[in-house]
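Below are some comments on the model you sent, set out as numbered points. They go from one helix pair to the sheet and then to the chain as a whole.

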Amino acid sequence: MRVVKEANVRRNEILDVAERLFGTKGFDGTSTTDILNEIGIARGTLYYHFKSKEDILDAMIERMTGSLVAKASEIAGKKDVPVLQRLTQMMLALNVNNDLGHEIMEQVHKPQNALMHQKMQERLLAGVNPIVTSLIEEGIAQGICQTDHPAEVAEMTMLYSSTVFDDLAGYSGEERQRKISAFIYNLERLLGMERNSLREVILPIFRYDMLEEMTSFFENRLMGYDEHMITTIEGSAEFYKFTAEQLPTAEYCTILDLGCGTGLELEEYLVLNPSANITGIDLSKGMLSALKNKFPNKTLNLICGSYFDIPFGNEQFDAAVSVESLHHFSSEQKQSLYKRLFDSLKVYGYFILTDYFAESEVLEQEYFENLRQLKLEQGISDNRFYHYDTPLTIGHEMEILKAVGFSRCEILKNWGATYTIKANKFPFNEQSFKA
């Protein structure tokens, strides 16, 4: 029996499905037939509500931006809240990366979906600019801001913040911190404010979404993960291959990969040594599934779980490797992990670590203090892992490796703040094994 729905219900149903399909397949990769098949309606019903796929896109963007503009207006109207806090809250509300979901924002930022991105930005600016202008005028009246052009500054502020939010999605750690500091400095100059007057109220914008549970973080970013890692991290086009080249080339050797993810280093390594026996550990089922699909004819021992909990055994592996995974953990956590890793290696075994490190002890301490504050602010008291970068200095990392028994630790190469370290279980030459 045919189900008849009210026009606005059916219209929103079409938009819901289109939003999901545009987010997973892209605007150009989604056809009206895809939308029809997903909902189970006739083509005539679709065209009753929308003239074309572009019309659906316009309505979808109108709905998205309309919701964001309504939030901005509500925030601006809270006159009992100081003006700078309202401006901060508005920027957070308008951060579409937070509000619209990872999948669709991944698609919005791709070159083939430039039209979607442009339309979203235009609609958002048109609705929000008068609201931001009114806030800046309040700031001028209170002596907080100094500018003769509030409307133009409002537009520049929103364009700049939108660009920064888009840009920050591709950065982490020290690079992210530098960009945040530059944003605050430039925004203060744009608004005619005293130096550091915005820092305390602006930082929560960037902190708010940082503490995502580790497994969820990586599951939510599976789409486009490989592209992100290869194109946005300094030196990544080289260091995955370089790391692979440091691993044993003997036939049927045993390798443990901590935080193997989608296997970017393993793609390089299995070209060099296709017979190697790989054990990979990762928290994300989706990442492990993507890794398995890359090697359908290769038997891989893939374990979903935390490498802090999973036993490694004693003298099981010829070598261990970890790439861009261990910069989330403290010295104490690493000490126990590295001791078990040391025990799991054969007598001639070694560990190859490629990761990024804090440039100074001051920055290292700052990362851990920021994490402590974030947990306090967000009421987090459990011991689960949350995605927040807390890299140690290269010196502290090597101290821990030596403390658990690795007799020789050496830096092989670096790309900016990313280094490759080799830690030998015992200090003799293993070239005969690699040959």
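1. In this predicted model, helix α4 (residues 53-76) and helix α5 (residues 83-93) have axes that come within 9 Å of each other and cross at roughly 170 degrees. Because angles over 145 degrees count as roughly antiparallel, α4 is to be described as roughly antiparallel to α5. On the α4 side the contact is made by Leu68, Lys71, Ala72, Ile75 and Ala76, and on the α5 side by Arg86, Gln89, Met90 and Ala93. Sorted by character, the residues of this contact of α4 with α5 comprise 6 nonpolar, 1 polar and 2 charged.

2. The chain also holds an open sheet of 7 strands, whose order is β4-β3-β2-β5-β6-β9-β8 and whose pairing is mixed. Its edges are formed by β4 and by β8 (408-415), each of which pairs on one side only. From one strand to the next, the twist averages 15 degrees.

3. Within that sheet, strand β6 (residues 345-356) pairs with strand β9 (residues 418-424) in the antiparallel sense, over 7 bridges. In this pairing Leu353 stands opposite Ile421 of β9.

4. Two helices that pack on the sheet deserve a comment. Helix α14 (residues 236-245) touches β5 (317-323), β6, β8 and β9, and its direction makes about 150 degrees with that of β8. Helix α17 (residues 331-344) touches β2 (254-258), β5 and β6, with a direction that makes about 140 degrees with that of β6.

5. Which residues of helix α16 (residues 285-294) are buried? They are Gly286, Met287, Leu288 and Leu291, and what covers the buried residues of α16 includes the helices α12 (214-220), α13 (225-232) and α15 (264-272), together with the strands β3 (277-282) and β4 (301-304). The N-terminal end of α16 is capped by Ser284, one of whose side-chain oxygens lies 3.4 Å from the backbone nitrogen of Gly286; Gly286 is thus named both in this cap and among the buried residues of the helix.

6. For the chain as a whole, the assignment gives 20 helices and 9 strands. Buried residues make up 49% of the 435 residues. Of the contacts in the chain with a separation of 6 or more, 70% are accounted for by residues 24 or more positions apart.

Terms used
Residues are numbered from 1 along each chain as its sequence is written. This is a predicted model: local features need pLDDT of at least 70, side-chain atom pairs count only at pLDDT 80 or more; totals for chains, interfaces and linings use all residues. Side-chain values use heavy atoms; hydrogens and water are left out. Buried means under 20% relative accessible area, exposed over 50%, partly exposed in between (1.4 Å probe, protein chains only). Helices (H or I, at least four residues) and strands (E, at least two) are DSSP runs, numbered from the N terminus. Contact means heavy atoms within 4.5 Å. A polar contact is a pair of N or O atoms within 3.5 Å; within protein, one must be able to donate a hydrogen and the other to accept it, and residues adjacent in sequence count only if both atoms are side-chain atoms. Two strands pair if DSSP finds at least two bridges between them. Axes are lines fitted to C-alpha atoms, for helices over the stretch in contact, and angles run from 0 to 180 degrees between N-to-C directions. Angles under 35 degrees count as roughly parallel, over 145 as roughly antiparallel, 65 to 115 as roughly perpendicular and the rest as oblique. Ala, Val, Leu, Ile, Met, Phe, Trp, Tyr, Cys and Pro count as nonpolar, Asp, Glu, Lys and Arg as charged, and the others, Gly among them, as polar.
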